[in-house]
Each structure stands twice: as C-alpha cells, then as structure tokens.
Amino acid sequence: IKTLIDEGELEAEILDEIARRAGRGAAPYGMMSVLDDDRFKPLRYCVHESSIVCSLELSQLGAVDILARESREAVFLAVYCRNVEGVEEMKRNMHGLYNKIKNIVEKNLSLVFYNWEEVLKSMSDVFSGHASFEIDVRA
C-alpha cells in the first residue's frame, strides 16, 4: 500500500495473499505482515462475500482503514485516515492512485478519502440531534 501511494505501483503479493487466505476456506479474517520503511507492520483484514476491510499503521500516513466492496459493475473503495495529514497526502496522489487501481480492477471505480475525526463528529451530530441537513427540492 505504501508503494501504491509513493510510486503508484501496487504490491500484488499483498492482495494475492489476502485472496489466497480468504479463498482457502479458512476464517475470513486474519493478519499478515507488510513491509513499511524497513519494518514489518501488521495488516489486519476481514473478508465477507464481496467486501473486505483492512487496517494498518503506516509510517507516512498513520493509521489507515480501507473498506472495499465489489459489485458486478464497480469497485467502491473508502479510505479512512485518522490524521488530517494522511488524508491530504492521499488526496495529493489521488489521480495516480485512481488510475493504478482502475487498471487492476478493470471496472468502474469509486475512490473516496475520509478523516476519521470528521466522520465520527458527523455521526455524533446525527445521533445527538445537532446535525443540520439541507434539502434542495427543485423540480
């Protein structure tokens, strides 16, 4: 994933290993080691049908959680960074990242980045009744 961000190339071994583990009939979750700046870090994942959630800590981005879901027509990727700098770094590299992933999945692709703090604040506002919604009702 770090290589994907830094150099625009996906380390296929990571995805192949997750797919291999998920496809062998074992538990649809696990942990594997990935190399990040000369250190191995744990990548945790959980697979269910056509969705996967991954979580890891990267030296340049901090904590990153990825939700990927596939339909017949498209792949939907939501990347959640726990710090604002991580989100900004991902957004700076968005076009290259989008193109590389698009070439791999060969389907329509939705790629969005979120900051966990903003997501949690929005959820808190909704559940506490402080959220304001604007609705445009033009015909």
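Helices (H or I, at least four residues) and strands (E, at least two) are DSSP runs, numbered from the N terminus. With that in hand, let's walk through this structure. It is a predicted model, so local features are taken only where pLDDT is at least 70 and side-chain atom pairs only at pLDDT 80 or more, while totals for chains, interfaces and linings use all residues. Residues are numbered from 1 along each chain as its sequence is written, and side-chain values rest on heavy atoms, with hydrogens and water left out.

How far can you trust what you see? The pLDDT is the predictor's confidence in each residue, from 0 to 100. The protein chain averages 75, and 69% of the residues score at least 70. Over residues 1-10 the pLDDT is below 50, although this stretch has 23 contacts in the model beyond near neighbours in sequence; a contact means heavy atoms within 4.5 Å. Where pLDDT is low, the predicted coordinates should not be read in detail.

Now for the overall layout. The protein chain holds five helices and six strands, and reading along the sequence gives the pattern α-α-β-β-β-β-β-α-α-β-α. Of its 139 residues, 31% are buried. Here buried means under 20% relative accessible area, exposed means over 50%, and partly exposed is in between (1.4 Å probe, protein chains only). Among the contacts with a separation of 6 or more, 37% are between residues 24 or more positions apart.

Let's follow the strands, starting in the loop between β1 (29-36) and β2, where D37 is found. The phi of D37 is near 50°, a positive value in a residue other than glycine. D38 is found in the loop between β1 and β2 too, and its phi is also positive, near 65°. How do D37 and D38 sit with respect to the surface? D37 counts as partly exposed, at 39% relative accessibility, while D38 is exposed, with a relative accessible area of 75%.

Next comes strand β2 (residues 39-48), which runs antiparallel to β3 and is joined to it by five bridges. For two strands to count as paired, DSSP has to find at least two bridges between them. One of the matches here puts V47 with I52 in β3 as its bridge partner. The hairpin of β2 and β3 has two residues between the strands, and E49 takes a positive phi near 50° there.

Strand β3 (residues 51-58) is a nice one to look at side chain by side chain. In a regular strand the side chains alternate between the two faces of the sheet. In β3, I52, C54, L56 and L58 point to one face and are buried, whereas S51, V53, S55 and E57 point to the other and are not. On its way to strand β4 (residues 62-70), β3 forms a hairpin with three residues between the strands. Eight bridges join β3 and β4, which run antiparallel, and S55 stands opposite D65 in β4.

Further along is helix α3 (residues 84-92), which includes E88. E88 counts as partly exposed, at 36% relative accessibility. Although E88 and F113 are 25 residues apart in sequence, they are 8.9 Å apart in space, C-alpha to C-alpha. Helix α4 (residues 94-105) has twelve residues and reaches 16 Å from its first C-alpha to its last, close to the 16 Å expected at 1.5 Å a residue; that expected span is 1.5 Å times one less than the number of residues. After α4 comes E106, with a positive phi near 55°.

What does strand β6 bring together? The pair of Y80 in strand β5 (residues 74-81) and Y114 in strand β6 (residues 108-115) links distant parts of the chain, 34 residues apart. Rings of Phe, Tyr and Trp (its six-membered ring) pair if their centres lie within 6.5 Å, with planes under 30 degrees apart counted as stacked, over 60 as edge-to-face and the rest as tilted. By this rule the count comes to one aromatic pair. The ring centres of Y80 and Y114 are 5.0 Å apart and their planes meet at 20°, so the pair is stacked. Y80 is buried, at 17% relative accessible area, while Y114 is partly exposed at 35%.

Strand β6 also holds N115. N115 is buried, with a relative accessible area of 5%. Leaving aside residues up to four places away in sequence, N115 touches C81, R82, N83, V84 and V87.
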